[in-house]
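Here are some exercises for getting to know a structure you haven't met before. Try each task yourself, then read the steps below it.

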Amino acid sequence: MGLDKLKDRNISMGEYINVLEDEYPKTGWEEFKQIVKRSVKGELFVGLKIVWNMMTGALFKGEMHTVQYPAEKLPIGPRYRAVHKLLALLESGENRCIGCGLCEKICISNCIRMETKIDENSRKEVMEYSINLGRCIFCGYCAEVCPELAIVHAGRYENASEQRAHFVLKEDLLTPLDKLKEQKEYPGFGAVSPDADEKIKKTPLSY
Amino acid sequence: METGFIIETIIKAIVILAVFSAIAGFTTYIERKILAFMQRRLGPMNVGPQGVLQIAADGIKLFMKEDFVPQNAARPVFKIAPLITASTAFIAMSAVPFFPEFELFGYTVRPILSDINVGILFVMGVASVGLYGPLLGGMSSANKWSLLGGARTAIQLLSYEVVSGLALLAPLMLVGSLSLIDINAYQAGGFSDWLIWSQPLAFVLFLIAGFAETNRTPFDLLEHEAEIVAGYATEYSGMRWGMFFIGEYANLFTISFIVSLIFLGGFNDLWFIPGGLAIILKVMVLIFFFLWTRAAWPHIRPDQLMWLCWKILMPLAVINILITGFVMMF
């Protein structure tokens, strides 16, 4: 195709072929024959049959497509990036986050903010951890960069709430103690090994 | 005129009005459910078991909505138009025999409001007056979509009046009477006596015309939402809009009753099925067919509609009348 053809913007003048009509009727007699042919063909009844099959399939063969959403939920893919979650340490139930600040650094929309201090045991302690979900673009860099796998994208996709605070408090993001058993682990550094059940022990402080 | 007859007539009128308004409401529910099943959805589910109370919820909503009259509308005409649709739909039922006669507490009840000897003519006439509802509603709304809907009302309903009238002529020639009871009695011999066997073409033509006259979906150019928002009903809200739709569904039932009376053997006993049940079954099948086509078939353009009416259906109806006449003559 030459450049002049590409530059021709007068597209309606081109030689187009109507692909829907193989033999377009030219005379009145041909038109009449086409009409009769189509009338006798019964295409409309094929449509009725298809719709009927759809209905019987939906009613009697369990092919109904409706998910009654608030009562019934579709399973969500494990790699889906929904609202963040802070995972807890299985041993103590404490926050796994070590306050390294990498997620804050890598966040391309600058929505993660953390405040840390050195506590009396000269360990780093996370005082505040907030994610502004109004700005988060769910890129997943924070979860990818976290060396302890403390922050992940969890499966909570129902992002509507009455209060903004529901999404930004550390207490909401962190797995609560009683749900610790159900905490789903992500493989990688910081995650528990497959034989963790034998190895795991409570931290001395909890006795 | 004796008092008993007047009281009986009033009671019959109230029963028709009450029963058919309720059925018209219930048909909206059935329509939503069946259309949903045909599209593999569930339809209304949350109000009541399987959503059956949706009718009540819709009714409450329609009554509560603001009754809105546009600024430049012709106010009296705008307000009267839905009344015309609803009332003509019910008046047309006054000459329709719904069931065979039955005994109630030793008193013979004839389930027809007035047995006039030109029953079918009366029904067709009143039904065609019904076109003033959408027409005046569309023209008085001060809205371009409504105006287009009103114009389409005129072309569509008037044109298909011709087809339905001509299609009915052939079976009426065979029967030799305009009374719906006579037409019903003509087919008393059972399944093989049905007029659909001797007049199949008239049946098809009348059914197509019935689709167009009741403004059902393959032919609902009056309120074709893909082209003209909601057509003649664009500016209507609340119960005025509701009245248009009660009228539409009442018309649907009238047409179904007429088709089963004229072509499908009416309320004569069918094998072991008693006549009263037989006609209800026929009407239900026809209503289901109306919904089925709504789910299956696409809208057509106004020019296609007119083309179909004047170039295909009307000549076919005339040919049918001619053939019937020749067959009867020789």
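**Exercise 1.** Is A:Glu115 buried, partly exposed or exposed? Work out the answer, then do likewise for the residue that pairs with A:Glu115 in a salt bridge.

*Solution.* One thing to know before you start: this is a predicted model.
- Step 1: get the value. A:Glu115 has a relative accessible area of 33%.
- Step 2: hold it against the cut-offs. Buried means under 20% and exposed means over 50%, with partly exposed in between, so A:Glu115 is partly exposed.
- Step 3: find the partner. A:Glu115 forms a salt bridge with A:Arg113, and the closest N and O atoms are 3.3 Å apart.
- Step 4: classify the partner. A:Arg113 has a relative accessible area of 48%, so A:Arg113 is partly exposed too.

**Exercise 2.** Sketch the overall make-up of chain A, starting with its helices and strands.

*Solution.*
- Step 1: count the elements. Chain A has eight helices and four strands.
- Step 2: put them in order. Along the sequence they run α-α-α-β-α-β-β-α-β-α-α-α.
- Step 3: look at burial. Of the 207 residues in chain A, 25% are buried.
- Step 4: look at the contacts. Taking those with a separation of 6 or more, 65% are between residues 24 or more positions apart.
- Step 5: add the surface. Chain A has an accessible surface of about 16200 Å², and carbon and sulfur atoms account for 56% of that.

**Exercise 3.** Describe how chain A and chain B meet, going from the whole interface down to single residues.

*Solution.*
- Step 1: count residues. On chain A, 15 residues are in contact with 15 residues of chain B.
- Step 2: get the area. The two chains bury about 1600 Å² between them, with 76% of it on carbon and sulfur atoms.
- Step 3: pick out the main contributors in chain A. A:Leu48, A:Val51 and A:Met55 lose the most area to chain B, together 32% of what that side buries.
- Step 4: place these residues. A:Leu48, A:Val51 and A:Met55 are among the buried residues of helix H3 of chain A, and H1 and H12 of chain B are included in what covers the buried residues there.
- Step 5: check the shape of H3(A). This helix has 18 residues and reaches 26 Å from first C-alpha to last, close to the 26 Å expected.

**Exercise 4.** How many salt bridges cross the interface of chain A and chain B? Find the residues involved.

*Solution.*
- Step 1: count. There is one across the interface, while the structure holds 10 over all chains.
- Step 2: name the pair. The side chains of A:Glu63 and B:Arg40 meet at 2.8 Å, N to O.
- Step 3: see where they sit. A:Glu63 is in the loop between H3 and strand S1 of chain A, and B:Arg40 is in the loop between H1 and helix H2 of chain B, so the pair joins two chains.
- Step 4: compare exposure. A:Glu63 is partly exposed at 31% relative accessibility, whereas B:Arg40 is buried at 16%.

**Exercise 5.** Now turn to H12 of chain B: how far does this helix reach, and what covers its buried residues?

*Solution.*
- Step 1: get the length. H12(B) spans residues 275-296, which is 22 residues, and reaches 31 Å, close to the 32 Å expected.
- Step 2: list some buried residues. They include B:Phe289, B:Phe290, B:Leu291 and B:Trp292.
- Step 3: find the cover. It includes H3 of chain A, together with H1, H9 and H11 of chain B.

**Exercise 6.** Why does B:Glu248 count as buried, and which residues share its salt-bridge network?

*Solution.*
- Step 1: locate the residue. B:Glu248 is in helix H11 of chain B.
- Step 2: apply the cut-off. Its relative accessible area is 8%, so B:Glu248 is buried.
- Step 3: list the contacts. Leaving out residues up to four places away in sequence, B:Glu248 touches B:Thr214, B:Asn215, B:Arg216 and B:Glu223.
- Step 4: build the network. Salt bridges link B:Glu248 with B:Glu31, B:Arg216 and B:Arg294.

Terms used
Residues are numbered from 1 along each chain as its sequence is written. Chains are lettered from A and ligands numbered from 1 in the order in which they are written. This is a predicted model: local features need pLDDT of at least 70, side-chain atom pairs count only at pLDDT 80 or more; totals for chains, interfaces and linings use all residues. Side-chain values use heavy atoms; hydrogens and water are left out. The expected span of a helix is 1.5 Å times one less than its number of residues. Buried means under 20% relative accessible area, exposed over 50%, partly exposed in between (1.4 Å probe, protein chains only). Contact means heavy atoms within 4.5 Å. Buried area is the accessible area (1.4 Å probe) that two parts lose on being put together, summed over both. A salt bridge is a side-chain nitrogen of Lys or Arg within 4 Å of a carboxyl oxygen of Asp or Glu. Accessible areas come from the Shrake-Rupley method with a 1.4 Å probe; for residues, only the protein chains shown count as cover.
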